[in-house]
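Visitor: Could you take me on a close look at a single part of this protein, starting with its aromatic rings, and then show me what lies around the rest of the chain? I work at the bench, so plain language suits me well.

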Amino acid sequence: MEFRLGFRITLVWFVLALTFSGERVEAQRAGCKNVHYDLAFILDTSSSVGKENFEKIRQWVANLVESFDVALDKTRVAVVRYSDRPTTEFTLDRYRALEDVKQAARNMRYLGGNTMTGDAISYTTNNIFMEQNGARPPARGIQKVAILLTDGRSQDYVLEPSKAAAKAGIRMFAVGIGEALKEELEEIAAEPKNAHVFHVTDFNTIDKIRGRLRRRLCENVLCPKMKVQPDRFKPNSTSYGLEEVPGFDLMEYFNVKDILGTRVDESQSSYVRLGTMPVVQQTEDVFPQGLPDEYAFVTTFKFRKTSRREDWYLWQIFDKYGIPQVSIRLDGENKAVEYNAVGLTKDAVRAVFKNPEVDNLFDRNWHKIGLSVEAKSVALYLDCKHIQTLPIEDREDIDIQGKTVIGKRLYDSVPIDFDLQRMMIYCDSKHAEVETCCDLPTGPCPKKVVTEAPPVRIPTPTPTVAEQKRGPQANCSCPAGEKGTGGVPGIDGLTGDKGDKGEAGRPGAAGLPGPGGQKSLCPWARHPPCLLMVVRGLGGACVWQPRFCQCVPGQL
């Protein structure tokens, strides 16, 4: 205890010495708070929305932009309203402060009319995301994002405009309300569809997806694609069957299998035995954009005899001065699991899990730890069972100017002896909850047990070239038998290819002229342009065309 206290005091004096010596201690923070966008909202203001619901849309936009750092050198925001045609409410360079954007969102006007969604997408691509309207050049590396919100089926085509938007580098999120078609939302949204399509039952519930939408925006920027096994997630989860998810496979980043080699245990996947050398990487090489605000840490490991009672960090990120940014601590003496992170308003925030169910972790069997880290809480899952959820205070983004380490002792950083099968960070915090534990020997997944050797396949000898030329030989020692009965008819063959187009046939005889029809009047037959024709002595009527009313000269 005295040694640890002395270590902490030394660390404080070291930081103070740097401060008073005049050297600036600048952190290079990376994470969701430091990802900036050119962000456009495309809002359906057709007649089906209605004025009352449009008021909820305005408030939703104002609430959502609160989670962004709005400024000309950070996140810029634009809004497009559409019904019969799209209209720019304000461009990306119009407002420089968050409060100005929120006030402008609350003052948006309601239009009413048809739902021309495809036209609105094309308009946004060709007008809003242009440098003359405030969009920043691609060389700046700013993410282009559009969030489209609609409550019904579009009256024009959306697929081609959405493809053009994707080609222009715009990530499109589609938010559907009520009767909005899932198929159409998927045509609009970027890949992967399950991360870019949202649907709610009515306008009263759109605020519930605000946090999830914000996380999806961030995770796809910060997190690379990570391969996962087909049985990784529970069958009733939305992630079931996925082969790739956003995240970090730490064993790949640290190359531990290549450096230390793998071992195999009976009825267990391959694993690595750590403790002979430090497992350390530069944080910038592992998390170049930082960590998302919410994530899941999942690992499958086993204590060894020497490590059961140690106090050590299973995983830790610390800055260039050794100050911890985030860590998961296993306290063998007190049988506790502790999550620590750098705080936004205080030095550190932490959550300590200590109860009889956690005691089971500190034996010498294989176990899985899952920590679901969310904005205001951390949940612990042990062997795929939820143990406890604890509140935490606001966290700061991590400083990536430092190192990331796996398995080091708390007070002297000596490598810890333990066996590690997998260690990963999912960029979706819910993945800690939906893991299956199929990688544990006592897990719920069926094991394939071989009870007898498979039958030996005897290959059919291949005839020699001479035998193939000679063909099958008749057996002359026996007379030919009687002719057998006819076999069962075979199945129909595959449909053949379509034939060539034939020559055009001769023109048919002209039909009899039909009776004269009556032109259909519009509901507003006394349309002003038509009345003008009448005044000029031309006569006229307002008649239906395929999609709209038009004045035509002449009498009915």
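Guide: Let's begin with a word we will need: a residue is called buried if its relative accessible area is under 20%, exposed if it is over 50%, and partly exposed in between. Please keep in mind that this is a predicted model.

W312 has a relative accessible area of 0%, so it is buried. Its ring partner F303 comes to 2%, and because that is under 20%, F303 is buried as well. In general, two aromatic rings are described by the distance of their centres and the angle of their planes. The search of the whole structure turned up 16 aromatic pairs. For F303 and W312, the ring centres are 6.0 Å apart and the planes meet at 85°, so this pair is edge-to-face. The cut-off behind that name is an angle over 60 degrees.

Elsewhere among the rings, F248, Y253, F287, F297 and W315 are joined by ring pairs into a cluster. F68 has a charged companion: the charged end of R214 sits over the F68 ring, 4.3 Å from its centre.

F68 also brings us to T75, since F68 is one of the residues that T75 touches. T75 belongs to the loop that runs between helix 2 (51-65) and strand 3 (76-82). Its relative accessibility is 0%, so T75 counts as buried. Leaving aside residues up to four places away in sequence, T75 is in contact with V35, H36, Y37, F68, D69, V70 and R136. Y37 deserves a second look here: a polar atom of the T75 side chain lies 3.3 Å from the backbone nitrogen of Y37.

Following the chain past strand 3, we reach S83, which is placed in the loop between strand 3 and strand 4 (86-90). With a relative accessible area of 4%, S83 is buried too, because the limit is 20%. Its contacts, again without residues up to four places away in sequence, are T45, S46, L111, G112, G113, N114, T115 and M116.

Strand 3 and strand 4 both belong to an open sheet of six strands, whose order is 4-3-2-5-6-7 and whose pairing is mixed. Strand 4 and strand 7 (197-200) are its edge strands, each pairing on one side only. On average, neighbouring strands in this sheet are turned by 20° against each other, with direction ignored. At the strand 7 end, strand 6 (residues 170-177) and strand 7 run parallel and are joined by four bridges. If you want to find this spot in the viewer, look for A174, which stands opposite V197 in strand 7.

Another open sheet of six strands has the order 11-21-13-14-15-16, and its pairing is antiparallel. Strand 11 (279-282) and strand 16 (348-353) are at the edges with a single partner strand each, so one side of each has no neighbour in the sheet. Here the average turn between neighbouring strands, direction ignored, is 10°. Strand 11 pairs with strand 21 (residues 402-409) over four bridges, in the antiparallel sense, and Q281 faces T404 of strand 21.

Our last stops are two loops. Strand 18 (residues 377-382) and strand 19 (residues 385-391) run antiparallel and are joined by six bridges. L382 has K385 in strand 19 as its bridge partner. These strands form a hairpin with two residues between them, and D383 in that hairpin takes a positive phi near 55°. Most residues other than glycine have a negative phi. D383 is not a glycine, yet its phi is positive. At 30% relative accessibility, D383 counts as partly exposed, because that value falls between the 20% and 50% limits.

S413 likewise has a positive phi, near 65°, and is a residue other than glycine. Its place is the loop between strand 21 and strand 22 (418-426). Its relative accessibility is 40%, so S413 is also counted as partly exposed.

Definitions and conventions: Residues are numbered from 1 along each chain as its sequence is written. This is a predicted model: local features need pLDDT of at least 70, side-chain atom pairs count only at pLDDT 80 or more; totals for chains, interfaces and linings use all residues. Side-chain values use heavy atoms; hydrogens and water are left out. Buried means under 20% relative accessible area, exposed over 50%, partly exposed in between (1.4 Å probe, protein chains only). A polar contact is a pair of N or O atoms within 3.5 Å; within protein, one must be able to donate a hydrogen and the other to accept it, and residues adjacent in sequence count only if both atoms are side-chain atoms. Contact means heavy atoms within 4.5 Å. Rings of Phe, Tyr and Trp (its six-membered ring) pair if their centres lie within 6.5 Å; planes under 30 degrees apart count as stacked, over 60 as edge-to-face and the rest as tilted. A charge sits over a ring if NZ of Lys or CZ of Arg is within 6 Å of the ring centre and within 35 degrees of the ring normal. Two strands pair if DSSP finds at least two bridges between them. Axes are lines fitted to C-alpha atoms, for helices over the stretch in contact, and angles run from 0 to 180 degrees between N-to-C directions.
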